[in-house]
Amino acid sequence: MKYGSEDQRGPAVGETAGPAPSASGPAEQPRHAPHDEQQGTRNRVARSILDHGPSTAAELALRLELTQAAVRRHLDALAAEGVVEPREKRVYGTRGRGRPAKAFALTDCGRDAFDQAYDQLATDALRWIAQSAGGGEEGEAAVAAFARARLAEQAEGYRKAVESAEPEDRTEALAKALTADGYAATARSAPNPQLGEQLCQHHCPVAHVAEQYPQLCEAETEVFSRLLGTHVQRLATIAHGDGVCTTFIPKAGSISKRGKAAHHTGEHPTRTTTASASTAGRNPA
């Protein structure tokens, strides 16, 4: 079924296409669909723009078999979330009268929301590195070397932030630098503040890859240790099923009491993870 123009409006439909529309117009559905249904159709709208390029409400309505009114509601919501943005539709040839139709395009944020198989690509690349090095321990060492090299340049930006802060504020400075790189990091006191702090990363861009290659987490832990000038203890990682990547940073003077510090964090004191330990990226459960 085709819609005549932007101004032609049929009755409001549900947020999914539902049965095939009749000749007289789209099948009428309840105006308010459940939230999951709305979100599902919203994703279909965004996906259609991804597949077909910038699209008007009329074009989307035709492809998805929705009324233009329903499509506009979804476009308004997606625009408010920063997923799409309106643009003036490019006209080729003679331009007709009236205001040109708005075309909606995905923003960078909107494109990033779609699975672009980056995780699989990274995992395949690391597997190739390991196999090319001969597999086994040699393969693991090659992946670890890659992880360290990858973080070397990134760590330079963190170093500037940490070294410009007062010693007592360096964990907080590192957390802010990590947040700027998408890790949503915070610094907070450990359960026993006299012993140290906890650096918490609430997001990990490489979590799925690190599930198979903990060398990524190990290299990160080594960087934290060098930047802060002390051993650090990785208590939990998102890659191994924890809600937050948590790293214990001891206060100066408590380094010699590492075992005691681990006990008082309330985490897993039986296996201390230092920057050089091979389990730095793994949940020490």
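This briefing describes the cavities and the nonpolar cores of the structure shown above. The model is a predicted one, and its interior holds two cavities of 30 Å³ or more. Its largest nonpolar core has 28 residues, and a second, separate core has 17 residues.

**The largest cavity**

- The largest cavity has a volume of about 110 Å³, and the residues that line it include Arg 150, Tyr 183, His 203, Leu 216 and Cys 245.
- Two elements, α6 (136-163) and α9 (215-228), each give two or more residues to this lining, and the largest share, three residues, comes from α9.
- When the lining residues are sorted by class, seven are nonpolar, two are polar and two are charged.

**The nonpolar cores**

- In soluble globular proteins, nonpolar side chains tend to be buried together.
- In the largest core, the residues with the most contacts inside it are Leu 126, Tyr 158, Leu 174, Leu 178, Leu 199, Leu 216 and Phe 224.
- At least two residues of this core are supplied by each of α5 (118-132), α6, α7 (170-180), α8 (207-212) and α9, while α9 gives the most, with seven residues.
- The second, separate core includes Ile 49, Ala 70, Val 71 and Leu 75.

**Residues to follow in the structure**

- Leu 199, leaving aside residues up to four places away in sequence, touches ten listed partners, among them Leu 174, Leu 178, Phe 224 and Ile 249.
- Leu 216 lines the largest cavity and is also among the residues with the most contacts inside the largest core.
- Cys 245 lines the largest cavity and is touched by Leu 199.

Definitions and conventions
Residues numbered from 1 in each chain as written. Predicted model: local features only at pLDDT ≥ 70, side-chain atom pairs only at ≥ 80, totals over all residues. Heavy atoms only, no water. 1 Å grid on protein atoms, 1.4 Å probe; cavity = no way out; pocket = protein on both sides within 12 Å on 5 of 7 lines; lining within 4 Å. Points joined across faces, edges and corners; volume = space filled by probe spheres on them. Helix = DSSP H or I, 4+ residues; strand = E, 2+ residues; numbered from the N terminus. Nonpolar A, V, L, I, M, F, W, Y, C, P; charged D, E, K, R; others polar. Core = buried A, V, L, I, M, F, W, Y, C linked by side-chain atoms within 4.5 Å. Buried < 20%, exposed > 50% of the residue type's maximum accessible area, 1.4 Å probe, protein only. Contact = heavy atoms within 4.5 Å.
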